[in-house]
Amino acid sequence: MPTIVDIQNLRKSYAGGFEALKGVNLEIEQGEILALLGSNGAGKTTLISTICGITTATSGKVTVGGHDIKDDFRAARSMIGLVPQEINLEPFERVLNTVRFSRGLFGRPADEAVLEKILRQLSLWDKKDSQIRELSGGMKRRVLIAKALSHDPKVLFLDEPTAGVDVELRKDMWEIVAGLKASGVTIILTTHYIEEAEAIADRIGVIAKGELLLVEEKDALMARMGKKQLEVQLTEPITEVPLTLQSPDVELSADGRSLIYTYDTNAERTGITKLLSKVAESGLVLQDVATRQSSLEDIFVDLLKEDAA
Ligand SMILES: Nc1ncnc2c1ncn2[C@@H]1O[C@H](COP(=O)(O)OP(=O)(O)O)[C@@H](O)[C@H]1O
Ligand SMILES: [Mg+2]
């Protein structure tokens, strides 16, 4: 898929010198759902705000649909829909009017059919004449999405669309996002819920302390997250893995003092018992065993710890 948003070496220092983005590189593919996963303060909102032109970058380059956000801001911005983290709606305004007004702000010609399509897509059509203050929290979030979609953007940013939302509404939101993707919109959402990224993303980017630690296909990431390694330390070094133990999952460490067995924590059987009995049968003498998790899992564990703090 072609790149629709291209972010190169993006840096942002706030007044006072705090560096909220430390050189982010990211290519967002047309048609994908990308989840940016990170704890509070990681820099997610700063990243989105910079792409959308709400804050200015200190350095670096961003293009949206080939348009530079600095040199060609109007063209770039017209391709973007933004659903902000905070609900910022006029309480006495009516739903349809609110969305109509947003379209006008982008200089798009009035088009009642487009507004109707958007409101129907978000199950808001029967609320079109309701005042915002009469709506539930979940409905208000839908109105924010409708506003963001009012000018037919190709890329939609959703900043923590389900923060503080109950499980039921969260699932509604996931369905809405899936529907938007099906209608051809590229979606970038931020979240601090691993389950959310897992449920809806095609790719997941992990952001921490202003740095993008990784971006990867969700399926590959999830497969890797479930892996663990068992290190079997031997009293005497060996030069090769004994024949009965040879398998793609068993490796010999460089110093020959340990066998490294990689297994899937989600599998019904880990194979550890079998491995250890084969080690004994081979006449090898164990000094110690240790397990370790993949570094990715460590990243996630750290993220969760920060969230809990
Ligand atoms: N206007 C600002 N001035 C100074 N620091 C800010 C400002 N906005 C955000 N920050 C800081 O930048 C960091 C990243 O914030 P933010 O992008 O909102 O993170 P996230 O959305 O991932 O929670 C935080 O440490 C935050 O305190
Ligand atoms: Mg934020």
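Which protein donors does the magnesium ion (ligand 2) have? I started my notebook with that one.

**Ground rules.** This is a predicted model, so I noted that local features need pLDDT of at least 70, that side-chain atom pairs count only at pLDDT 80 or more, and that totals for chains, interfaces and linings use all residues. Residues are numbered from 1 along each chain as its sequence is written, chains are lettered from A and ligands numbered from 1 in the order in which they are written, and side-chain values use heavy atoms, with hydrogens and water left out.

**Entry 1, the magnesium ion.** I found Thr45 (OG1) and Gln85 (OE1) as its protein donors, 2.0 to 2.4 Å away. Donors here are N, O and S atoms within 2.8 Å of the metal (3.2 Å for Na, K and Ca), and water is not among the atoms, so sites may look incomplete. The two come from distant parts of the chain, 40 residues apart: Thr45 sits in helix H1 (residues 44-51), and Gln85 in the loop between S6 and H3. Helices (H or I, at least four residues) and strands (E, at least two) are DSSP runs, numbered from the N terminus. I checked exposure too: Thr45 is partly exposed at 33% relative accessible area, and so is Gln85 at 31%. My cut-offs were buried under 20%, exposed over 50%, and partly exposed in between (1.4 Å probe, protein chains only).

**Entry 2, ligand 1.** Thr45 turned up again here, among the residues surrounding ligand 1, which also include Tyr14, Phe18, Lys44 and Thr46. To be counted, a residue needs a heavy atom within 4 Å of the molecule. Next I looked at oxygen atoms of ligand 1. One lies 2.7 Å from a backbone N or O atom of Gly41, and one is 3.1 Å from a backbone N or O atom of Ala42. For Thr46 the side chain does the job, with an N or O atom 2.5 Å from a ligand oxygen.

**Entry 3, the largest pocket.** I wrote down a volume of about 310 Å³. It has 15 lining residues, and Arg77, Leu82, Pro84, Phe106 and Lys147 are the closest to its centre. Strand S6 (80-83), helix H3 (95-105) and helix H5 (137-149) each give two or more residues to the lining. By class I got nine nonpolar, four polar and two charged. Ala, Val, Leu, Ile, Met, Phe, Trp, Tyr, Cys and Pro count as nonpolar, Asp, Glu, Lys and Arg as charged, and the others, Gly among them, as polar.

On a 1 Å grid over the protein atoms alone, a pocket is an open set of points with protein on both sides within 12 Å along at least five of seven lines, while in a cavity a 1.4 Å probe fits but cannot get out; lining residues have an atom within 4 Å of a point. Grid points are joined across faces, edges and corners, and a volume is the space filled by probe spheres set on them.

**Entry 4, cavities.** How many cavities of 30 Å³ or more does the structure hold? I counted three. The largest has a volume of about 70 Å³. Its lining includes Gly138, Arg141, Leu169 and Met173. Helix H6 (167-182) and H5 each supply at least two residues, and H6 gives the most, with four. The class split is five nonpolar, two polar and three charged.

**Entry 5, two strand residues.** Phe157 is in strand S7 (residues 155-159), and I logged it as buried at 1%. Its C-alpha atom is 6.0 Å from that of Ile187, 30 residues apart along the chain. Thr186, in strand S8 (residues 186-191), is buried at 0%.

How values were computed: Polar contact = N/O pair within 3.5 Å; in protein donor to acceptor, adjacent residues only side chain to side chain.
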